[in-house]
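Please look over the chain shown below. The report that follows takes it one region at a time.

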Amino acid sequence: MKKKFMAASLFGMLIALMFSLTAFAYGWERDGRGWRYNDGGGYYASNWVWIDGNGDNVAECYYFYDNCYMAENTYVGNYYVNQEGKWTVNGVVQTKLVSGTTNSGYNDNLWITGVNTRQVNVEIFNDTGTDIIYAYLSGSNRSDWGSDILGSGILYNWETRNVVCNVNNGMTLFDLQVHDSNGYETTFYNLDFGNRSSVAINLVGNPYNYNAYVVNN
């Protein structure tokens, strides 16, 4: 009886250890080919990713090739990454504040930290009669959109979503692109945030014809 109890206890410890190892199977991994990053659901690939590797709420930007390995000491398009894989401009590592959250809800086109930045709280209200599946917010002077500010979520009809951005002080005009559940893509250009620290964007209309209005918040 005693041996059976000990065997059962050992089995339970092994199972707990297996679950523990599974639960913590994420983060940076290095092998003979280079560095990869496992987010717990798989490895990043074919994309730029902001990663806060040391938990200081400041993320650096890395590029991962389609084989999941990080780019090092090279150019990816017009962007340079140093020997640690971090995106740099004129030798300065580019960062963004992540405030202890995941990447979801942050826009790569807006986030640059430094002395010439300000924080803007953006509230988006959906009154279109349809659900917004993707939403992209970018400075009007930028040529690309960055990542979906809704992250893995959906902005349902009659719902509000808040996004916090750090933007360059001189950036006042923004473009918003939304993709709705009807399959339509709509872009609103030159939304004027001014120098306000808090703005609201109201999406108003019907499922096939709606507008975006910036409201002081």
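Which residues does Thr88 touch, not counting residues up to four places away in sequence? Thr88 touches Tyr80, Asn82, Val93 and Gln94. The model is a predicted one. Thr88 lies in strand 7, which covers residues 87-89. Its relative accessibility is 9%, so Thr88 counts as buried, the cut-off being under 20%.

**The chain as a whole**

The chain has 217 residues, and buried residues make up 35% of them. Its secondary structure comes to one helix and 16 strands. Take the contacts between residues at least 6 apart in sequence: 55% of these join residues at least 24 apart. The exposed area is about 12,500 Å². Carbon and sulfur atoms supply 52% of that area.

**The four-stranded sheet**

Strand 7 belongs to an open sheet of four strands, in the order 5-6-7-8. The pairing is antiparallel. Strand 5 (74-76) and strand 8 (92-93) are the edge strands, since each pairs on one side only. Strand 5 meets strand 6 (residues 79-81) through three bridges, in the antiparallel sense. Across that pair, Val76 stands opposite Tyr79 of strand 6.

A general point applies here. Strands of a sheet pair through backbone hydrogen bonds, and the pairing can be parallel or antiparallel.

**Antiparallel pairs compared**

Two further pairs join the one just described.

| Strand pair | Bridges | Residues standing opposite |
|---|---|---|
| Strand 5 and strand 6 | three | Val76 and Tyr79 |
| Strand 11 and strand 13 | seven | Tyr136 and Gln177 |
| Strand 15 and strand 16 | eight | Asn206 and Asn209 |

Strand 11 spans residues 132-139 and is mostly covered. Six of its eight residues are buried. Its partner, strand 13, spans residues 173-180 and runs antiparallel to strand 11.

Strand 15 and strand 16 are joined by a hairpin through two residues. Strand 15 takes in residues 198-206, and strand 16 takes in residues 209-216. Val204 sits in strand 15. Is Val204 buried or partly exposed? Val204 is partly exposed, because its relative accessible area is 32% and buried would need a value under 20%. Val204 also helps make a nonpolar surface patch. The other members are Tyr213 and Val215, and the patch measures about 230 Å².

**Asn126, a buried polar side chain**

Asn126 is in strand 10, residues 117-127. How accessible is Asn126? Its relative accessibility is 0%, so Asn126 counts as buried. Its side chain makes polar contacts with backbone oxygens. One is to Thr130, at 2.9 Å. Another is to Leu155, at 3.1 Å.

The surroundings of Asn126 draw on several parts of the sequence. Leaving out residues up to four places away, Asn126 touches Asp131, Ile132, Leu155, Tyr156, Asn157, Trp158, Glu159 and Leu203. Ile132 is part of strand 11, residues 132-139. Leu203 falls within strand 15, residues 198-206.

**Thr160, beside strand 10**

Thr160 lies in strand 12, residues 160-168. It is partly exposed, because its relative accessibility is 36%. Which residue lies 36 places from Thr160 in sequence but 5.5 Å away in space, C-alpha to C-alpha? That residue is Ile124. Ile124 falls within strand 10, residues 117-127. With residues up to four places away left out, Thr160 touches Glu123, Ile124, Phe125 and Leu155. Leu155 is thus a contact of both Thr160 and Asn126.

**Asp52, in a loop**

Asp52 is found in the loop between strand 3 (47-51) and strand 4 (58-64). Its relative accessibility is 22%, so Asp52 counts as partly exposed. What does its side chain reach at 3.2 Å? It reaches the backbone nitrogen of Asp56. Thr95 is 43 residues from Asp52 along the chain, with 9.4 Å between their C-alpha atoms.

Key: Residues are numbered from 1 along each chain as its sequence is written. This is a predicted model: local features need pLDDT of at least 70, side-chain atom pairs count only at pLDDT 80 or more; totals for chains, interfaces and linings use all residues. Side-chain values use heavy atoms; hydrogens and water are left out. Buried means under 20% relative accessible area, exposed over 50%, partly exposed in between (1.4 Å probe, protein chains only). A polar contact is a pair of N or O atoms within 3.5 Å; within protein, one must be able to donate a hydrogen and the other to accept it, and residues adjacent in sequence count only if both atoms are side-chain atoms. Contact means heavy atoms within 4.5 Å. Two strands pair if DSSP finds at least two bridges between them. Patches are made of residues with over 30% relative accessible area and no salt bridge: like charges are joined within 9 Å, nonpolar side chains (Val, Leu, Ile, Met, Phe, Trp, Tyr) within 5 Å. Accessible areas come from the Shrake-Rupley method with a 1.4 Å probe; for residues, only the protein chains shown count as cover. A salt bridge is a side-chain nitrogen of Lys or Arg within 4 Å of a carboxyl oxygen of Asp or Glu.
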